[in-house]
2 protein chains.
Amino acid sequence: MRISELSRTSGVPVPTVKFYLREGLLPPGELTSPNQAAYGEAHLRRLRLIRALVEIGGVSIAAVKDVLAALDDTSLGVHDLLGSVQYALIPAQPRDDPEWREAFADVNAFLDGLGWRVRSDAPARIRLADVLHALRRRDGEPVAPDAVFGPYVQVAAQIADAEIASMAPPGSPREALAEQVAVGVATSEAAFSALRALAQEDASARRYGGSTLESARPADQ
Amino acid sequence: MRISELSRTSGVPVPTVKFYLREGLLPPGELTSPNQAAYGEAHLRRLRLIRALVEIGGVSIAAVKDVLAALDDTSLGVHDLLGSVQYALIPAQPRDDPEWREAFADVNAFLDGLGWRVRSDAPARIRLADVLHALRRRDGEPVAPDAVFGPYVQVAAQIADAEIASMAPPGSPREALAEQVAVGVATSEAAFSALRALAQEDASARRYGGSTLESARPADQ
DNA sequence: AGCGATGGATAGTGCCACTATCCGAAAATA
DNA sequence: TATTTTCGGATAGTGGCACTATCCATCGCT
């Protein structure tokens, strides 16, 4: 298949496909002559994966590149693959602020208390510290990690277990698993957060009474 | 307090504060002379709110503006306020693609089956349709909404109930509630998603065995 | 032979969230 | 009082990102 067909079946414009090729997100097609290349099913699948990450997961091109590199690194076990995907999908960098460092330390202590087997450089730790730090700046002072995160721990564990369990068993073909992990991480995030928003709306309607404006808002363009 | 103090106590650079003033995210200070203005506690709190939304929630400036407008609209009840905040925080627009429309219809049917009281124009519906659509393009064809979203429904409802319940009771001062809603929606999203990532890592370690590279990855810049 | 499509290179676009600079006037400091 | 600093407000510029547009010398098809 040539580039135009790749573009047509995937719905991605030709110039964008070229852009992905330039960026190394897509491997080059097989050259059939000095300026003619053929693309296969693998290209199509990878292209769809890229779009899923970008559109559903809101992942940056640079992060997509990292994810794809992890997928292609066959030396990675499933666990490390999952880790690499997550680390690419969660952009985070520690701060210098002493108050932030304190929040970070508190988060780590809290996580230690849970007994989870989690790498000490997991970016999600940083995200939690960001949240705790922001909340502390807002309210007066206290705000214990347990108060903020506690209610979510059981539920997060429950969901995570179900998601991991739904993946292929250890020893199944890595190929299939790899993309499942990447797509799963990105899409389940989006799906859950949308469902939670809807559930909140429902719960709020029941508690505060729904004066639901029902499409009374300006239909922004 | 003048602009430099506002900047110092909030940690936001002066030019950025000026930018927010220009954009109307911050109300102008009270003029004490033709070119001198004073800012109060309210400005500081709002500035912190803006930063929390931007940094923790990853909210765009335009969306922040919408959120603040909702906060300031005292004619909105708590339920509608929550709705406005959510709608501002979840960017989404329907597509034209017939396959997408089908996914959207399926999502709506699925949500109807749940019996949730949710506006028909909720952007979260669109997000769910995006996810379903993307998954259908990947796998062969089927993919029922129930298979993808089902496992999350109970949990999402559980979390949402707890969050709504933790908010002030109906009839409490709107002022306090408003920001709580905005901050809550943005931060709890971030907190939960980080916790879920960590729980996944733990679950994956238990299932696939943790060959945890432990900080063996390139410390990217 | 004619003609549209292709691969590859280079350059440009639009958006976004700031950031820099300038100005005349007021505050703070000496 | 003199001088230095800071102020509010306006205008313009920056850097990053994700594409998009244009060129051009083939290539393959009819």
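Four elements each supply at least two residues of the surface near DNA strand C: α1 (3-10), α2 and β2 (36-38) of chain A, and α2 of chain B. Here a residue is near a strand if one of its heavy atoms lies within 4 Å of it. Helices (H or I, at least four residues) and strands (E, at least two) are DSSP runs, numbered from the N terminus. The largest share of this surface, five residues, comes from α2(B).

This is a predicted model: local features need pLDDT of at least 70, side-chain atom pairs count only at pLDDT 80 or more, and totals for chains, interfaces and linings use all residues. Residues are numbered from 1 along each chain as its sequence is written, chains are lettered from A and ligands numbered from 1 in the order in which they are written, and side-chain values use heavy atoms, with hydrogens and water left out.

## DNA strand C

In total, 21 residues surround DNA strand C. The closest are I3(A), S4(A), A37(A), F19(B) and R22(B). Sugar or phosphate accounts for 68% of the strand C atoms within 4 Å of the protein, and bases make up the rest. By class, the surface has eight nonpolar, seven polar and six charged residues. In this scheme Ala, Val, Leu, Ile, Met, Phe, Trp, Tyr, Cys and Pro count as nonpolar, Asp, Glu, Lys and Arg as charged, and the others, Gly among them, as polar.

## DNA strand D

DNA strand D is surrounded by 22 residues. F19(A), R22(A), N35(A), I3(B) and S4(B) are the closest. Of the strand D atoms that come within 4 Å of the protein, 71% belong to sugar and phosphate. Elements from both chains contribute. α2 (14-23) of chain A supplies at least two residues of the nearby surface, as do α1 (3-10), α2 (14-23) and β2 (36-38) of chain B. α2(A) gives the most, with five residues. The surface divides into nine nonpolar, eight polar and five charged residues.

## Polar contacts with the DNA

A polar contact is a pair of N or O atoms within 3.5 Å; within protein, one must be able to donate a hydrogen and the other to accept it, and residues adjacent in sequence count only if both atoms are side-chain atoms. The table lists contacts with both DNA strands.

| Residue | Protein atom | DNA atom | Distance |
|---|---|---|---|
| S4(A) | side-chain N or O | phosphate oxygen, strand C | 2.4 Å |
| N35(B) | side-chain N or O | sugar or linking oxygen, strand C | 3.2 Å |
| I61(B) | polar backbone atom | phosphate oxygen, strand C | 3.3 Å |
| T16(A) | polar side-chain atom | phosphate oxygen, strand D | 3.3 Å |
| I61(A) | backbone N or O | phosphate oxygen, strand D | 3.4 Å |
| N35(B) | polar backbone atom | sugar or linking oxygen, strand D | 3.3 Å |

N35(B) appears for both strands. Its side chain reaches a sugar or linking oxygen of strand C. A polar backbone atom of N35(B) lies 3.3 Å from such an oxygen of strand D.

## I61(A)

I61(A) sits in helix α4 (residues 61-72) of chain A. How accessible is I61(A)? I61(A) is partly exposed, at 24% relative accessible area. Buried means under 20%, exposed over 50%, and partly exposed in between (1.4 Å probe, protein chains only). Beyond residues up to four places away in sequence, I61(A) touches Y20(A), L25(A) and V54(A). Contact means heavy atoms within 4.5 Å. R95(A) is 34 residues from I61(A) along the chain, and their C-alpha atoms are separated by 24 Å.

## Chain A as a whole

Chain A has nine helices and two strands. Along the sequence, the pattern is α-α-β-β-α-α-α-α-α-α-α. Chain A has a radius of gyration of 22 Å, well over the 17 Å that the globule rule gives for 221 residues, so it is more spread out than a compact globule. That radius is taken over C-alpha atoms, and the globule rule is 2.2 Å times the number of residues to the power 0.38. Along the principal axes, the C-alpha atoms fill a box of roughly 70 × 50 × 35 Å. Of the 221 residues, 47% count as buried. Among contacts in chain A with a separation of 6 or more, 58% join residues 24 or more positions apart.

## R136(B)

R136(B) belongs to helix α7 (residues 123-138) of chain B. R136(B) is buried, with a relative accessible area of 17%. Its side chain makes a polar contact of 2.8 Å with the side chain of D106(B). A polar side-chain atom of R136(B) also lies 3.3 Å from the backbone oxygen of P142(B). Outside the four nearest places in sequence, R136(B) has contacts including E102(B), A103(B), E141(B), V143(B) and P145(B).
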